[in-house]
Structure formats: C-alpha cells, structure tokens
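This report covers a ligand site, the nonpolar cores, several buried elements and a few unusual backbone angles. Please read it alongside the sequence and the model.

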Amino acid sequence: MQDSAMNTLQQLAQDGRLSLLTLNFIRYLQRHAPVPDALIWLVLQLTEAEAQGHSCICVDDESAPALLLTALNTEERVLLQAAFGVLPADLAGWRQVLAACRLVWLADSGQADAGQPLILDQNRLYLRRYWQDEQAIATAIQRRLQTAHANDGDLPSERIRAWLEKLFPANPENAADAGPDWQRIACALALRGRFSVITGGPGTGKTFTVARLLCLLLALQEHPDQFRIALAAPTGKAAARLKQSIDAALAALAPVLNSVLSAEQLASAIPSATTLHSLLGARPDTRRLRHHAGNPLQMDVLVVDEASMIHLEMMANLLDALAPHTLLILLGDKDQLASVEAGAVMADLCEFATEGGYSRATADWLADATGEQIPDNFLTSRSLLAQHTAMLRQSRRFGGAIGQLALAVNRGDAASAASVLRAAEDDVLSWQQPAQIAASLPLFLHGRDAHTDASGYAAFRSVLNAGPESWPDYDSWVKAVLKAFDRFRVLCAVREGDWGVQGINTLIETALLKQEKIRRQGDWYVGRPVIVTRNDYSLRVFNGDIGICLPDPAREGSVRVYFPAGDQLHSVLASRLSDVETAYAMTVHKSQGSEFGHVALVLPPQQTQVLTRELLYTGITRAKTCFTLLTASPGSLEQATAQVTRRNSGLRYLLSD
Ligand SMILES: Nc1ncnc2c1ncn2[C@@H]1O[C@H](COP(=O)(O)OP(=O)(O)OP(=O)(O)O)[C@@H](O)[C@H]1O
C-alpha cells in the first residue's frame with residue numbers, strides 16, 4: 001500500500017476520525033498478504049457499511065462510496081480520496097483487483113473456498129461472517145420450504161375450512177368488496193410447511209391470527225395434549241406482550257375449542273414466552289449457545305414475534321437450533337426499523353409481501369382450504385417463500401388519525417402526513433415546533449393541557465406519590481407504578497444533544513430535582529425509571545429491560561429496581577445495577593416491541609442520517625391513543641419521510657428463487 005494512504009488513515013485514527021478497529025483490521029490483512037490500495041478503499045467502505053447495519057457493499061453501486069466514512073468532513077474526505085488515487089470504474093475493474101488478492105474469495109468463480117476473510121459474491125463484497133450468516137439462513141429456510149407438504153392434497157382442506165369458519169366467523173358488516181380475509185389465508189399458508197411469515201402493520205391482528213392458528217394446529221393433531229408450542233420474541237417486553245395477547249385471544253376461544261381440549265389443557269399447551277436469547281440458551285461470556293443443530297430445541301411449533309428486530313446472526317442461530325420438523329412462524333411489521341445489528345431479515349423475507357406473489361396452485365389450495373379467492377393482481381407467482389408469506393392489511397386498532405399518519409409516512413407522502421397532523425383533533429395528534437426543546441418540559445411533565453389521554457409523566461408521578469398504602473399490597477402498587485409509567489414516553493431519534501435522549505433525561509431530572517419532587521442518593525432516587533444497557537445473566541436483567549427504582553420494603557433506607565416479569569415482578573438491589581440509564585426519554589430503536597398510551601416523538605434540528613421513514617413510522621406506531629410530534633422546523637418531517645433505509649443484503653436475492 002502507498003505510504004500516503006496509510007499515513008492518512010493513521011492520522012485519521014489518531015484524531016479519532018476513523019475507528020481503531022478498522023485500522024487494525026487493515027493491518028491484520030496486510031500482515032497476511034499484499035493488499036492493493038483499491039481493496040483497502042473497499043474495506044473502509046465495508047466496515048462503515050457494517051456499522052450502519054448493512055451486511056455487504058455493492059462494488060458496482062455508485063452510491064457505495066457515499067457510505068464511506070460519514071463521520072469525516074469534506075476536507076478529510078478529499079484528502080483521503082487524493083491519497084488513494086484513481087480507483088476502478090466498474091464491476092469488471094473491481095473484480096480484477098479482488099481476484100488478484102489472496103485474501104478475497106470470489107464465491108461465484110468456481111474456486112475452492114480457502115477461508116479468506118473477504119468474499120465477493122456477484123457484485124457484493126462481504127466480511128466472511130455476514131456472508132456465512134446469509135448463506136446459512138437462506139439454506140435453512142429453503143430446506144424448510146421444500147420439506148413442505150409435497151402435495152397440498154395431503155392436507156385435510158375440508159376440516160381446515162370448517163375450523164377456519166369457526167375461528168374467523170364471517171362478519172356480515174364487511175363490505176362485499178372488502179377483499180379476501182387475509183387472516184384465514186395466513187393460517188392456511190402456515191399449515192403447508194415448516195416455515196411461515198405473517199407481516200402486517202400495528203393492530204392488523206397478527207397475534208389475533210396466530211392464536212387462532214395455534215388452535216387450528218391443536219385441532220388438527222391426533223394427540224393435541226402432546227403438541228409442544230413455544231413463544232418467543234427478541235426482548236423480554238415483547239415476549240411478555242405476546243404471551244398476554246395470546247392468552248387473551250385463547251380465553252375467548254376456549255368455548256370453540258372445547259371439543260378438542262379442555263380450558264385447562266389449552267392453558268397448559270401455551271407456555272410462557274421467552275426471549276430468543278434464553279430460548280437458544282445464551283450463556284454469559286461466550287457466543288456459544290446451548291441449542292444448535294447438534295442439540296436442537298424440542299418443539300412442534302415456535303412463534304417468534306417482533307421479527308423485524310432479529311439480526312442476521314440471531315436468525316442464523318435460531319434456524320440452526322430448530323429441529324427439522326418444527327414449524328417456525330415469524331410475526332412482525334416489515335416496515336419497522338430493522339435491527340440495530342447488521343441485517344434486515346424481516347424486510348428481506350417480505351420483499352414481495354405487498355404484491356402477494358402467489359402461484360395459481362397456492363391460490364387453488366387457499367380457495368379449497370379457506371373459501372377465500374385471491375384476487376388476480378396478487379397472482380404473480382414469485383418465489384417459494386411467497387407461497388408461505390401472508391400480509392395482513394386491515395388495521396383494527398389504528399383506524400383513526402394515528403393510523404392515517406402512519407400510512408402517509410409509510411407511503412412517503414410527507415404532505416399528507418403534515419395535513420393529517422394539522423387537521424387531527426388535538427387530543428389525538430399534535431405537532432409542536434418549539435424553538436428550544438426545554439420549552440416542551442411542561443408537556444413532558446404534565447401532558448397536553450386539559451387532555452387526560454395525552455398525559456405526560458404526571459400520572460406516573462401521582463401513582464408513585466400515592467405510595468403502597470392505597471393498594472392491597474406492595475407488589476400491586478409496584479405493578480401500578482410500572483403500568484402508569486407506560487402511559488407516556490418521550491422517544492428520540494438521537495442519543496446526544498439537547499434534542500436527544502441524554503439532554504431530555506437531564507432536562508426532566510433537573511426540573512424534578514428543582515421542584516423537590518425527587519431526592520437523590522448518588523445516581524439513584526425513588527421513582528427513577530431506568531433502562532438496562534447490557535445483559536447481566538447473573539442478575540437476570542437484559543439489554544432493553546425497563547424498571548423503576550422504589551424503596552425496598554424489607555430494608556429501610558435501601559432501594560431496589562423493579563422490573564415486570566410476565567404477571568410477576570423481578571427486583572434487583574439498585575446498587576448492584578451498573579449498566580443502566582435513566583429512561584424518561586429513550587431512543588425509538590429501544591422502544592421497538594413496546595407501546596405507550598401517549599408518545600412524544602422528538603426529531604432533532606440537525607440533519608442526520610438516522611432520521612428515516614422507518615424511524616418515524618416506528619415512533620408513531622408505538623402510540624396507542626395519542627401522539628405528539630416535536631420538531632424544531634417543519635423540514636424534519638419531510639426529511640425523515642423521504643429518507644428510506646434499504647440495507648444492502650444478499651439474502652433477498654438468495655430467497656427470491
Ligand atoms: N378478525 C378480527 N375480528 C375482530 N377483532 C380483531 C380481528 N383481528 C384483530 N382484532 C382485534 O384487533 C386488535 C389488534 O389485534 P392484534 O393485537 O392481534 O394486532 P397485532 O397486529 O398483533 O398488533 P401489534 O402490532 O400491536 O402487535 C385486538 O384487539 C384484536 O382482538
């Protein structure tokens with residue numbers, strides 16, 4: 001490598017403008033073989049892309065260099081570009097450079113794989129581990145899809161149809177042109193194989209449908225009492241929500257199912273939901289999991305909710321750990337923010353979900369088994385995966401203004417989103433543009449004037465201040481405090497700055513301190529809401545868990561943090577928790593899988609890459625009853641709506657056959 005390029009990189013790393021990890025990786029490559037400058041240039045892009053959640057870069061894509069070192073200013077970028085000189089202009093030129101380096105394996109060249117750290121597959125350059133994860137996921141899914149019933153005729157379509165009619169009675173109020181019942185269709189598609197995807201926006205009935213699908217599966221078993229079901233989600237909160245919704249749905253279905261299982265048998269067939277980490281048997285201080293192909297999970301069906309939060313490595317691990325006969329059902333909203341880590345698995349799986357992509361054979365089977373006719377425009381006969389994917393299209397919860405806003409944002413229609421925000425009744429939606437975010441402090445503390453639903457933290461503070469005396473026992477009070485905290489949340493696009501998580505948490509805490517509403521003991525005070533930032537297996541607290549600091553009833557003067565654990569509570573001495581942050585405000589990313597009565601979404605004034613359509617959509621759809629948008633200028637709404645994240649990935653191509 002030319003000295004000038006390496007010197008520039010070293011200088012940038014010294015100034016903290018380039019990650020040391022990247023520099024060390026380049027040095028590692030250089031120790032093993034001569035590395036041409038053009039490849040170093042690609043590695044810089046690749047490590048940057050990985051940090052942004054892409055699994056690879058497209059070397060012939062003119063936009064790829066735009067990813068490069070976004071942290072650099074123009075002068076630094078110009079310097080770096082000058083140091084690297086002229087680079088190949090097209091894919092053929094890049095392939096030539098890469099083929100000449102023994103650290104790169106050209107996966108489509110017919111050469112044997114020698115374990116090189118970099119892989120070029122078609123036009124996509126990968127770090128080996130992401131390529132491996134994508135390959136493993138695609139192979140495992142294809143295998144599951146291919147071991148579907150060889151012939152739909154093997155399935156008892158008449159029985160299935162009879163059950164679907166019981167589980168989803170036709171609604172006489174539905175308009176004749178309402179289209180097919182996608183919920184019935186989702187159930188029937190899942191019965192055909194070992195892999196199924198059900199996507200849909202918030203409130204479209206994903207859990208409603210999967211509860212009925214589980215009933216249908218039980219009803220079709222010869223020995224329903226021996227049928228093993230498992231429920232999981234990426235976070236503890238999402239797992240608890242899944243279990244709650246399924247329990248509620250099943251309670252309503254018990255009378256329908258009583259010829260198959262008693263209410264008690266039905267209740268015991270559905271275990272509690274766990275996080276994917278604990279399902280897979282994650283252990284402290286090691287990446288190795290207890291369950292894998294050599295020690296698979298033993299269950300007949302696994303439902304995983306909030307699948308958009310699953311990253312590449314986790315999906316690869318999950319598929320590896322499943323027994324071949326297990327039916328995996330993924331539930332999620334394809335339009336939500338992707339996982340923080342690399343990959344956009346749910347978006348890749350649902351690449352064609354909107355258009356359907358069903359074959360004529362699938363449509364015929366659906367007509368037999370559900371009585372539903374698939375409209376012609378959904379018959380584009382896409383991939384095998386499309387034959388096992390259903391998209392629910394009617395929101396049952398978000399008929400109103402929040403739903404319209406989410407839809408407008410999802411369509412990329414900033415003008416409609418703005419007019420929905422301006423036209424809505426202000427107890428549901430509000431758009432405020434404070435010059436300084438500090439001006440929103442009254443909103444955070446007390447909510448919007450005179451509108452009880454659009455609450456701030458006043459409801460939470462009031463349950464907290466009432467103390468345990470007004471409740472039958474201490475735990476009931478703690479549960480009420482936790483519940484009241486979920487009535488409102490400030491969600492931010494960024495962490496730093498006045499308009500970020502840290503600034504707003506400080507703003508709220510300082511105000512409460514000034515008003516003498518809190519009394520600190522070091523970092524802790526009674527009523528401090530915290531979010532866990534790192535898994536701690538010994539304390540059984542996990543990244544993203546939210547708890548509240550309250551007095552320890554057993555020890556005068558000491559405080560514990562209480563976390564919800566299903567219907568129960570889990571508590572930890574506050575002094576033992578080190579990796580936590582105050583949680584009046586949290587990032588939209590961390591809010592995935594949760595819902596709050598009222599959400600105040602804060603978009604920062606500065607232009608930032610994180611301000612995307614998916615972020616806005618995810619923030620809006622966390623709100624159950626009221627939503628307030630806080631921006632410094634109207635432009636932020638437009639900017640976020642226009643900026644779509646499309647992560648580079650090879651998975652969607654691997655799955656498109
Ligand atoms: N076919 C239906 N008939 C009547 N009610 C329905 C139907 N489908 C869904 N619902 C109701 O709509 C509400 C939302 O359903 P559900 O919670 O299953 O949606 P979801 O897609 O899982 O939502 P989320 O995105 O929050 O996970 C629930 O109250 C549910 O009972």
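## Loops and backbone angles

At 70% relative accessibility, Glu516 counts as exposed. Here buried means under 20% relative accessible area, exposed over 50%, and partly exposed in between, with a 1.4 Å probe and protein chains only. The model is predicted: local features need pLDDT of at least 70, side-chain atom pairs count only at pLDDT 80 or more, and totals for chains, interfaces and linings use all residues. Residues are numbered from 1 along each chain as its sequence is written, and side-chain values use heavy atoms, with hydrogens and water left out.

Glu516 sits in the loop between H22 and strand S15 (529-532). Helices (H or I, at least four residues) and strands (E, at least two) are DSSP runs, numbered from the N terminus. Most residues other than glycine have a negative phi. Glu516 has a positive one, near 55°. Arg540 also has a positive phi, near 55°. Its place is the loop between S15 and S16. Arg540 is exposed, at 54% relative accessibility. A glycine with positive phi, near 75°, is Gly467, which follows H20.

## The ligand site

Which residues are closest to the ligand? They are Gln183, Lys206, Thr207, Phe208 and Arg241, from a shell of 13 residues. A residue counts as near if one of its heavy atoms lies within 4 Å. The shell divides into 2 nonpolar, 6 polar and 5 charged residues. In this scheme Ala, Val, Leu, Ile, Met, Phe, Trp, Tyr, Cys and Pro are nonpolar, Asp, Glu, Lys and Arg are charged, and the others, Gly among them, are polar. Helix H10 (residues 206-219) gives the most to the shell, with 3 residues.

Three polar contacts of ligand oxygen atoms are tabulated below. A polar contact is a pair of N or O atoms within 3.5 Å; within protein, one must be able to donate a hydrogen and the other to accept it, and residues adjacent in sequence count only if both atoms are side-chain atoms.

| Residue | Partner atom of the ligand oxygen | Distance |
|---|---|---|
| Lys206 | side-chain N or O | 2.9 Å |
| Thr207 | side-chain N or O | 2.7 Å |
| Phe208 | polar backbone atom | 2.8 Å |

Taken alone the ligand exposes 630 Å², and the protein buries 69% of that. Accessible areas come from the Shrake-Rupley method with a 1.4 Å probe; for residues, only the protein chains shown count as cover.

## Nonpolar cores

In soluble globular proteins, nonpolar side chains tend to be buried together. A nonpolar core is a set of buried Ala, Val, Leu, Ile, Met, Phe, Trp, Tyr and Cys residues joined through side-chain atoms within 4.5 Å. The largest core has 72 residues, and Phe444 and Phe627 touch the most other members. Helix H21 (residues 474-485) gives the most to this core, with 8 residues. A second, separate core of 56 residues includes Ile246, Ala254, Ala390 and Leu392.

Contact means heavy atoms within 4.5 Å. Not counting residues up to four places away in sequence, the partners of Phe444 include Phe488, Val490, Leu507 and Leu630.

Phe485 belongs to helix H21. It is buried, at 1% relative accessibility. Beyond four places in sequence, its contacts include Tyr457, Phe460, Ile546 and Tyr584.

## Buried helices and a buried threonine

In helix H20 (residues 458-466), the buried residues are Ala459, Phe460, Arg461, Val463 and Leu464. Their cover includes H21, helix H22 (501-514) and strand S16 (546-551).

Why is helix H14 (residues 312-321) largely enclosed by the rest of the structure? Because 7 of its 10 residues are buried. Among them are Leu312, Met315 and Leu319. Their cover includes helix H7 (128-146), strand S11 (327-332) and helix H26 (651-654).

Helix H25 (residues 635-642) buries Ser636, Leu637, Gln639, Ala640 and Thr641. One of the elements covering these residues is strand S22 (623-631). Thr631 lies in S22. This threonine is buried, with a relative accessible area of 0%. A polar contact of 3.0 Å joins the side chains of Thr631 and Trp431. Among its other contacts beyond four places in sequence are Pro434, Trp499 and Ser636.
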